[in-house]
Structure formats: C-alpha cells, structure tokens
Amino acid sequence: MTVVKKPMIVARPTNTTGDLSLLDNIRPATLDKIEKSVIALYASDDGVTADNVTMQAIAKQANVSLQTLYKYFGDKNTLIYVILDRVLSRLAARMIDHLSGIDSVKDRLRKTLWVMFDFVDHNPEAVLFFSTAIPVSHYQHIAIYENKDLIEAFLHVLSDGQQRGELNQKVSLKTLLDVFMGFITRLGLMHVLRQSRKPMTDDFDNLFDILWRAISQDDLTSKGNLSGMH
C-alpha cells in the first residue's frame, strides 16, 4: 500500500491559545535560530532546568529581542509547542517519504523504527528537549502525540497491520500504538541519557525482533500452538 506524501508546512499546534497569524512573516533564518536555541537550552547539562528556561534566556541564546519572541509567539508555552511541532513535522515528512511504495506491513514497521532510531542518533538534544520541555499532562505522556502528521503515519502502519491480521488484534489500535511508542521513546531517551557512543541503528535488527515479537499476530499464534502442546 502506498502512503501519500504530504508537503511539510510550519505547523499550527492545536494545543495552544496564542495567535500565530504573524508566524508566516518571521524570517526562516530567525526561526531556525530560535529553534536551535530552545533545544540547546532544554538539553543543557550545566544545571539549567526547565523552569529556568525563560523567554529572556531564549532571546539571549538566539540573539533576538524579547519583543520579537512575544510578537510572534505570545508566550513561552506557545513558543515551545511551535518548536516541538516544527521538529516533528520534519520527522513526519521523512517518515512518510520513506514509507512511500512499501506494501509489506513488516517492512513498513521496520522502516518506521529505523527512521526513529536514526533520528535519535542524529538529534540527541531534540530527544532531551521532548522529555523536559512539555508537562506530562499536556501530551498524553509522549511528546510525539502532539504532531498530527507523524501520529497518523504511525497509526496507518499499525491499523493496516491489524486489518491484514499481521499485528495483534486482541488489543485496541490505541493500545498497540502505546506499546509501539513506549518502546521507541523509552529506548531513545535512555540511549541519550546514558550517552551511549554506539548508534541505536547498530542494534537495529535485534531491537526490531523484540518489537515484532511483542506486537505481531504470528508470534501470538505460535505461542498459542506451543501452549496447546503441553
């Protein structure tokens, strides 16, 4: 099944109340600087905490005026969600592009996991940003849930797998998604926190095997047959 590739846009998060109508007018280079500065501050290991990351600190790090930040974003919460969605929109575009033309459920799941691990390997600061910047109550325990395009790409793979009878059909699609996302986010975060020098993708085959055994219908059938032999 071919996944339709969507164009990437600067997203408008639905979980903010700020007026983002002026965001289209901000210079891309300025927005890039703000994004890099926000991520760097939240990923800092020099004693800076999430509460210490103020609009003033972001403005100083990005070398922009405080007035500019308030003009385009309104408040820190809105700024954080815009940056979060911006990063995840790029990940979503890459995910959708990689899944295009792949029909096999297992192959699409493999590609999905590989893209996520590769993202962790190349964006460790972003992983720390996701884990510290957003209150748990605001993103259903996993920051990636905030991005509609990305979560729909995951849901499409998992839903198709259930419909074809290749993935566990005894649990809801949301539960299957939680298992999948929990696997990715826990491994990714701990990989970064442990400062592992070995790329996640180096262990990809072994890790994918664990995930596939956990959610595939074939493995459930095999376990049922084995238990019936006793």
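This is a short tutorial dialogue on reading helix packing, the nonpolar core and backbone angles in a predicted model.

Q: How are two packed helices described, and at what angle do the axes of H5 and H7 cross?

A: Two packed helices are described by the angle between their axes and the distance between the axes. Here, the axes of helix H5 (residues 105–122) and helix H7 (residues 148–163) cross at roughly 155° and come within 10 Å. That makes H5 roughly antiparallel to H7, since angles over 145 degrees count that way. The crossing of H5 past H7 is left-handed.

Q: Which residues of H5 and H7 meet?

A: On the H5 side they are Val105, Arg108, Leu109, Thr112 and Met116. On the H7 side they are Phe154, His156, Val157, Leu158, Asp160 and Gly161. By class, this contact of H5 with H7 has 6 nonpolar, 3 polar and 2 charged residues.

Q: Let's try another pair. At what angle do H1 and H4 pack?

A: The same two descriptors serve again: the angle between the axes and the distance between them. Helix H1 (residues 28–42) and H4 pack at about 100°, and their axes are 10 Å apart. H1 and H4 are therefore roughly perpendicular to each other. The contact of H1 with H4 counts 10 nonpolar and 5 charged residues, with no polar ones. From H1, the residues include Pro28, Leu31, Ile34 and Val38, and among their partners in H4 are Leu79, Ile80, Ile83 and Val87.

Q: Now the interior, please. Which residues touch the most other members of the largest nonpolar core?

A: In soluble globular proteins, nonpolar side chains tend to be buried together. In this model the largest nonpolar core has 68 residues, and Ile34, Val38, Phe73, Leu109, Phe129 and Phe154 touch the most other members. Helix H4 (residues 76–99) supplies the largest share of this core, with 13 residues.

Take phenylalanine 73 as a worked case. Leaving aside neighbours within four places in sequence, Phe73 is in contact with Leu23, Ile26, Leu31, Ile34, Thr78, Leu79 and Val82.

Q: Is threonine 112 buried or exposed?

A: Threonine 112, in helix H5, is buried, with a relative accessible area of 1%. Beyond its neighbours within four places in sequence, threonine 112 is in contact with Met95, Leu99, Phe154, Val157 and Phe180.

Q: Then let's follow that last contact. Where does phenylalanine 180 lie, and what is it in contact with?

A: Phenylalanine 180 lies in helix H8 and is buried, with a relative accessible area of 1%. Apart from neighbours within four places in sequence, phenylalanine 180 is in contact with Leu109, Thr112, Phe154, Leu158 and Leu211. Sequence separation and spatial separation can also be read side by side. Phenylalanine 180 and tryptophan 212 are 32 residues apart in sequence, and their C-alpha atoms are 9.7 Å apart in space.

Q: Finally, the backbone. What phi does asparagine 63 have, and where is it found?

A: Most residues other than glycine have a negative phi. Asparagine 63 has a positive phi of about 60°, although it is not a glycine. Asparagine 63 is found in the loop between helix H2 (55–62) and helix H3 (66–73), and it is exposed, with a relative accessible area of 65%.

Q: And what about glutamine 195: what is its phi?

A: Glutamine 195, also not a glycine, has a positive phi of about 55°. The place of glutamine 195 is the loop between helix H8 (173–193) and helix H9 (204–215). Glutamine 195 is exposed, with a relative accessible area of 64%.

Definitions and conventions:
Residues are numbered from 1 along each chain as its sequence is written. This is a predicted model: local features need pLDDT of at least 70, side-chain atom pairs count only at pLDDT 80 or more; totals for chains, interfaces and linings use all residues. Side-chain values use heavy atoms; hydrogens and water are left out. Axes are lines fitted to C-alpha atoms, for helices over the stretch in contact, and angles run from 0 to 180 degrees between N-to-C directions. Helices (H or I, at least four residues) and strands (E, at least two) are DSSP runs, numbered from the N terminus. Angles under 35 degrees count as roughly parallel, over 145 as roughly antiparallel, 65 to 115 as roughly perpendicular and the rest as oblique. A crossing is left-handed if the near helix is turned anticlockwise from the far one by less than a right angle, and right-handed if clockwise. Contact means heavy atoms within 4.5 Å. Ala, Val, Leu, Ile, Met, Phe, Trp, Tyr, Cys and Pro count as nonpolar, Asp, Glu, Lys and Arg as charged, and the others, Gly among them, as polar. A nonpolar core is a set of buried Ala, Val, Leu, Ile, Met, Phe, Trp, Tyr and Cys residues joined through side-chain atoms within 4.5 Å. Buried means under 20% relative accessible area, exposed over 50%, partly exposed in between (1.4 Å probe, protein chains only).
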